[in-house]
Amino acid sequence: MGARQYMQPYHVEVDIPHEPLYFVAINQCDEGGAMTGKKALIMVDLQNDFCMGGNLAVPGGDEVIPLANQLQPYFDLIIATQDWHPHDHMSFAANHPGRAVGEVIQVEELVQVLWPVHCVQDTKGAEFHPGLDLHRVNKIIHKGVNKHIDSYSAFFDNAHLRSTGLSDYLRDEQVNDVYIMGLATDYCVKYSSLDAVHEGFKVTVIQDACRGVELSQGDVRAALAAMRDAGVTLVACADIFNSSTARISKASR
Ligand code: VGL
Ligand code: ZN
């Protein structure tokens, strides 16, 4: 072991000319050397209202903030989504007299869970968690901005009528692989992942960097099963941190 370490050409990395080009090329190849395009990390709804003390606090929500920060260097492109509702949004129980939080109503063809008032545009609750590192973020996607319809997915509203523009953005940036983490596993992470598959991306959900609402017991487990059945790969943070291509990409930052 000692001998092997001694033999390791640790100086190789600094000797490479045109370092960024070399790293990009390696990072955009799979194990077999085939071109894969860029990898994007989508950090879903890492906002105050979904964290401890927030209006729609997801159990353990805060725990994924440091993970989001540690994951970022392993990706070519970083997207952050923000649930961004007007105060009169239809998903708030308070906007349906006589209805309570957690009740489920039918709005036209869609089932709608009624939530506490959360992530109201330009309020503290809608801001990103103060611990989240934002300096590498390439694009912020706002969703749920239309008061008449909810939008769990980072790509489309719940009726699939309006796109947020995220698919076009990712395609323009030559992204093939989308990695998703954040809040909440059983809502925004789930629907973002399913839409990403539908949009033709290779989708990986970083399971231990997500937390769920678990309105009913088993919701998180069912959400993960639905994602897997749709073709989503489930991994852990350690898989990313241990991947050789990622380590190379990290070294370039
Ligand atoms: C979410 C419920 C309501 C989420 C957003 O980010 O998962 N959940 N709005
Ligand atoms: Zn919402």
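1. In this predicted model, an oxygen atom of ligand 1 lies 2.6 Å from a side-chain N or O atom of Asp45. A nitrogen atom of ligand 1 is 3.0 Å from a polar atom in the side chain of Asp83. At Cys188 the partner is a backbone N or O atom, placed 3.0 Å from an oxygen atom of the ligand. On its own, ligand 1 has 260 Å² of accessible area, and the protein covers 100% of that.

2. Where does ligand 1 sit? Its place is in the largest cavity. The residues surrounding ligand 1 include Phe50, Leu56, Trp115, Tyr152, Leu183, Ala184 and Tyr187. By class, the shell has eight nonpolar residues, one polar residue and two charged residues.

3. Ligand 2 is a zinc ion, and its protein donors are Asp83 (OD), His85 (NE2) and His118 (NE2), at 2.0 to 2.2 Å. Along the chain, these donors follow the spacing D-x1-H-x32-H. Asp83 and His118 are also among the residues around ligand 1.

4. The zinc site has four donor atoms, with angles of 88 to 171° among them. For comparison, four tetrahedral donors would ideally have angles of 109.5 degrees. To count as tetrahedral, a site with four donors needs all angles between 85 and 135 degrees. The upper value at this zinc ion is 171°, so the site is not tetrahedral; its geometry is irregular.

Definitions and conventions:
Residues numbered from 1 in each chain as written. Chains lettered and ligands numbered in written order. Predicted model: local features only at pLDDT ≥ 70, side-chain atom pairs only at ≥ 80, totals over all residues. Heavy atoms only, no water. Near = heavy atom within 4 Å. Polar contact = N/O pair within 3.5 Å; in protein donor to acceptor, adjacent residues only side chain to side chain. Areas by Shrake-Rupley, 256 points an atom, 1.4 Å probe, with all protein chains shown as cover. 1 Å grid on protein atoms, 1.4 Å probe; cavity = no way out; pocket = protein on both sides within 12 Å on 5 of 7 lines; lining within 4 Å. Sits in = over half its atoms within 2 Å of the grid points. Nonpolar A, V, L, I, M, F, W, Y, C, P; charged D, E, K, R; others polar. Donors = N, O, S within 2.8 Å, 3.2 Å for Na, K, Ca; no water. Tetrahedral: all angles 85-135°; square planar, octahedral: opposite > 155°, others 65-115°.
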